[in-house]
Structure formats: C-alpha cells, structure tokens
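Have the model open in your viewer and keep the selection tool at hand. We will go from stop to stop, and at each one you will hear what to select and what is there.

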Amino acid sequence: MNRLVMRQTLRYDYPAPIHSLDHHLKVLPPARHGDQVRTESSLEVRGAGAEVTESVDAFGNVAVRVRADRVQASVEFVVQVTVERHEGAGAGATAQDRGQLLAASELTEPDAALHRAARRLGQSGHAGLGLAQRINAWVAAHMRYRHDVTSVRTTAAEALAAGAGVCQDYAHVMLALCRLSGLPARYVSGHMVGEGGSHAWVEVLLPSVTDRSSLVAVPFDPTNNRMAGASYLTVAVGRDYADVAPTHGSYCGPAGGVLSTTKSLEQEAVDLVAC
C-alpha cells in the first residue's frame, strides 16, 4: 500500500478590495476512487470571513463553494489531503457513464483530422485495451509538450492541429480519439508525484475481465506515454476540463486578480502488519 500526502495553496491577490465573492473549487478528492481511499482532508479559507459549503456533483466529484461578502486584498485556499492507494480493481463505472462518455463534449468535438486518425487507428485490428494502448501511444507521438501555445478553452482539434500543448491538451486529443473509436473515456484532473502543478490524464472504460457486464476505468497518461499508477492522485473526473476545473468563480470589483499556487505531493510506502 502507498500513501500520498498533498499540501496545496491557491492564492488570489486583488488590486483593490472586492465584494460578493462566489468561488468554486474542485480540489478535494472523493472519499473513494478505485483503489484510492481518502483518509484525511481539509480546506481552510484565509483572508476573508467566508461561508463554505460542500456537495457532490453528477460525476461524484467533491464540489466546494466559497462565498464571502468582502475580501480586502487577498484570499487563500489551503488544502491538505492524505490518500491511500490499495492494490485492487480500478475505478468502476455505470452504463449511464458509458453513454455520456461516448459522446463528444465541447472541448473534444472532433474535426476531419481526428476522424481520419481514428479510422487509421481502428484499421490496426486492435480493440478494447489494445486499441486504448495504441491511441495513448499515438497521441504521445503526435504531440509535443509546450507551454503558452494553448489555453483552457483550446479544443482537441485545435491542439492536434498545433501538434503541441500541455497535459490537458493531450488528454482532450485522446478522449476525442477514444470516443470516435467506440471507447467511452473520461478526463481526470489530479496530481502526480514529481510535478509542480496539477496534471491531467484519461480513464478508458473497458469491460471487467471478471464480469463482462460491468465496466472498469483503466487510466492512461498520454503526456508521458504510460499507464497512470500509484504515484497519481485523482481529484475529479468528467467529460473534459470544463467539468473538473480546479478553481473558478466571480466577484464584484476591479479586474486583475492574480492567481498563484504552491503544491507538494509526497509518496510514502506503508508496511501492513498482520495481527
């Protein structure tokens, strides 16, 4: 068993006092996701008296809403999380998940180039897990990791045309190709040991090897051309980035709020002692 311990701070600095802050965060992992179990978590708001409410969205993600009447200069969201990764089956999925994760979303709407690529990949003769592995490798080979060439609004088609982007772009391209190939797949937002920022990867929903009537989510990281494993911490899943954006909101006041973040993610081996 492995334990992952994350500490994260998201800070917004404003040029003048603001009011009517209404902020939404998806920074806490679910109580359980596959072999990942959350054992501790907290979210502290600093810099403003705030009302904090927590709910669960349609994808099972923890959604936190923060409302504050006034912020003088800055507000910080301080997150601490501990999860344990137990060996076992991957995250499950339902028939409803399969239906909505086969359909294109706004950020994964395919163009002619994605259709052509999906046809070529399908002609390889691979299916199921083999096809998912082939798509993962294809995306890694056809994209180059580059900052500042895309944004959170960049679509899969635009990213593939540019041939470059960051992890969310790799994930969107893979999602588009999987869905065109008849493989339901979802976007994963989270963290990876060794990465300073957040990370994104893909879960492909495949029939369970023990029960063909049920689905198991198999995680792929096209950015690094590998399977996602024990050093990955899942925070939220959805159809694309728009469903899992870690932080967004609104306020009344002058424009120009600046976001800065810090994060540490440590992996610890845990020895289980029989008694």
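How are helix 2 and helix 3 oriented to each other: parallel, antiparallel, perpendicular or oblique? This is a predicted model, so please read every stop of the tour in that light.

**Stop 1: two helices**

Select residues 112–122 for helix 2 and residues 128–142 for helix 3. Their axes are 10 Å apart, and the packing angle is about 135°. Helix 2 and helix 3 are therefore oblique to each other. Turn the view until you can follow the crossing, in which helix 2 passes helix 3 in a right-handed sense. Now show the side chains at the contact: helix 2 contributes Ala117, Arg120 and Leu121, while helix 3 contributes Leu131, Arg134, Ile135 and Trp138. Coloured by type, the residues of this contact come out as five nonpolar and two charged, with no polar ones.

**Stop 2: aromatic rings**

Next, look at the aromatic side chains. How many aromatic pairs does a search of the whole structure find? The search finds six. A pair of aromatic rings is described by the distance of the centres and the angle of the planes.

Start with tyrosine 14 and tyrosine 251, an edge-to-face pair with 5.0 Å from centre to centre and 70° between the planes. Tyrosine 14 sits in the loop between strand 1 (2–13) and strand 2 (18–25), and tyrosine 251 is in strand 16 (residues 247–252). The pair thus links distant parts of the chain, 237 residues apart. Is tyrosine 14 buried or exposed? With a relative accessibility of 9%, tyrosine 14 counts as buried, whereas tyrosine 251, at 26%, is partly exposed.

Move on to tryptophan 201 and tyrosine 232, which also form an edge-to-face pair, 5.0 Å centre to centre and with planes at 75°. Tryptophan 201 belongs to strand 12 (residues 199–207) and tyrosine 232 to strand 15 (residues 232–238), so this pair ties together parts that are 31 residues apart in sequence. Both tryptophan 201 and tyrosine 232 are buried.

Before leaving the rings, select Tyr12, Tyr14, Phe77 and Tyr251 together: they form one aromatic cluster.

**Stop 3: glutamine 8**

Keep Phe77 on screen and add glutamine 8, which is found in strand 1. Glutamine 8 is buried, with a relative accessible area of 10%. Which residues is glutamine 8 in contact with, leaving aside its neighbours within four places in sequence? They are Val27, Phe77, Val78, Val79, His191, Thr262 and Lys263. Try a distance label between the C-alpha atoms of glutamine 8 and valine 78: they are separated by 5.9 Å, although the two residues are 70 apart along the chain.

**Stop 4: two backbone spots**

For the last stop, switch to the backbone. Most residues other than glycine have a negative phi. Select serine 20 in strand 2: its phi is positive, about 55°, although it is not a glycine. At 40% relative accessibility, serine 20 counts as partly exposed.

Then select asparagine 225, in the loop between strand 13 (215–221) and strand 14 (226–227). Asparagine 225 has a positive phi too, of about 50°, and is not a glycine either. With a relative accessible area of 42%, asparagine 225 is partly exposed.

How values were computed. Residues are numbered from 1 along each chain as its sequence is written. This is a predicted model: local features need pLDDT of at least 70, side-chain atom pairs count only at pLDDT 80 or more; totals for chains, interfaces and linings use all residues. Side-chain values use heavy atoms; hydrogens and water are left out. Axes are lines fitted to C-alpha atoms, for helices over the stretch in contact, and angles run from 0 to 180 degrees between N-to-C directions. Helices (H or I, at least four residues) and strands (E, at least two) are DSSP runs, numbered from the N terminus. Angles under 35 degrees count as roughly parallel, over 145 as roughly antiparallel, 65 to 115 as roughly perpendicular and the rest as oblique. A crossing is left-handed if the near helix is turned anticlockwise from the far one by less than a right angle, and right-handed if clockwise. Contact means heavy atoms within 4.5 Å. Ala, Val, Leu, Ile, Met, Phe, Trp, Tyr, Cys and Pro count as nonpolar, Asp, Glu, Lys and Arg as charged, and the others, Gly among them, as polar. Rings of Phe, Tyr and Trp (its six-membered ring) pair if their centres lie within 6.5 Å; planes under 30 degrees apart count as stacked, over 60 as edge-to-face and the rest as tilted. Buried means under 20% relative accessible area, exposed over 50%, partly exposed in between (1.4 Å probe, protein chains only).
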